[in-house]
Amino acid sequence: MKTPDVKKEAGSSKPPLVLMPPAAERSICEVLDHGGKRYGYWNWRSSHVEMATYISAIKRHLAAIHEGEWLDPESGQPHIAHIGASACILLDADHNNCLTREVVKL
């Protein structure tokens with residue numbers, strides 16, 4: 001009779017972090033490192049960040065892709081990695097209760 005793998009059973013109820021594609025993780029971390037050197041690592045946790053700031057950044061990077069530019073000229077990383085980094089920051093800021101969700105309303 002096989003002994004049940006208790007650790008495997010416990011882990012099966014947690015998010016499978018192995019699903020994050022390594023190439024995406026590397027590129028997003030390169031962007032987060034670039035931003036960390038510029039603004040300070042984990043800077044969004046030290047004061048509230050506005051969701052609108054990151055939505056605007058995401059839209060600028062998306063527009064650059066739409067216009068045919070794959071790499072951000074400043075960081076050298078793909079614009080899509082900047083979008084991923086911004087999404088990660090929004091998720092982390094929300095998780096740590098330092099996200100201001102208000103957006104500009106016209």
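**Exercise 1.** Where in the predicted model is the place of Pro-73? Determine also whether Pro-73 is buried or exposed.

*Solution.* Start with the secondary structure: the place of Pro-73 is in the loop between α3 and α4. Next, take the relative accessible area of Pro-73, which is 67%. Exposed means over 50%. Pro-73 is therefore exposed, because its relative accessible area is 67%. Finally, relate Pro-73 to Thr-3: the two are 70 residues apart in sequence, and their C-alpha atoms are 55 Å apart in space.

**Exercise 2.** Describe the fold pattern and the overall dimensions of the protein chain.

*Solution.* Count the elements: there are four helices and two strands. Along the sequence their pattern is α-α-β-α-α-β. Then take the extent of the C-alpha trace, about 65 × 30 × 30 Å along the principal axes. Compare the radius of gyration with the globule rule: the chain has 18 Å, whereas a compact globule of 106 residues would have a value near 13 Å. As for burial, 28% of the 106 residues count as buried.

**Exercise 3.** Which residues form the largest nonpolar core, and which helix supplies the largest share?

*Solution.* List the members: Trp-44, Val-49, Tyr-54, Ile-58, Ile-83, Ile-89, Leu-90, Ala-93, Cys-98 and Leu-99, ten residues. Assign them to helices: α3 (51-66) and α4 (79-95) each contribute at least two. The largest share, four residues, comes from α4. Then examine Leu-90: leaving aside neighbours within four places in sequence, Leu-90 is in contact with Met-51, Tyr-54, Ile-58 and Leu-99.

Conventions
Residues numbered from 1 in each chain as written. Predicted model: local features only at pLDDT ≥ 70, side-chain atom pairs only at ≥ 80, totals over all residues. Heavy atoms only, no water. Core = buried A, V, L, I, M, F, W, Y, C linked by side-chain atoms within 4.5 Å. Buried < 20%, exposed > 50% of the residue type's maximum accessible area, 1.4 Å probe, protein only. Contact = heavy atoms within 4.5 Å. Rg over C-alpha atoms; globule rule 2.2 N^0.38 Å.
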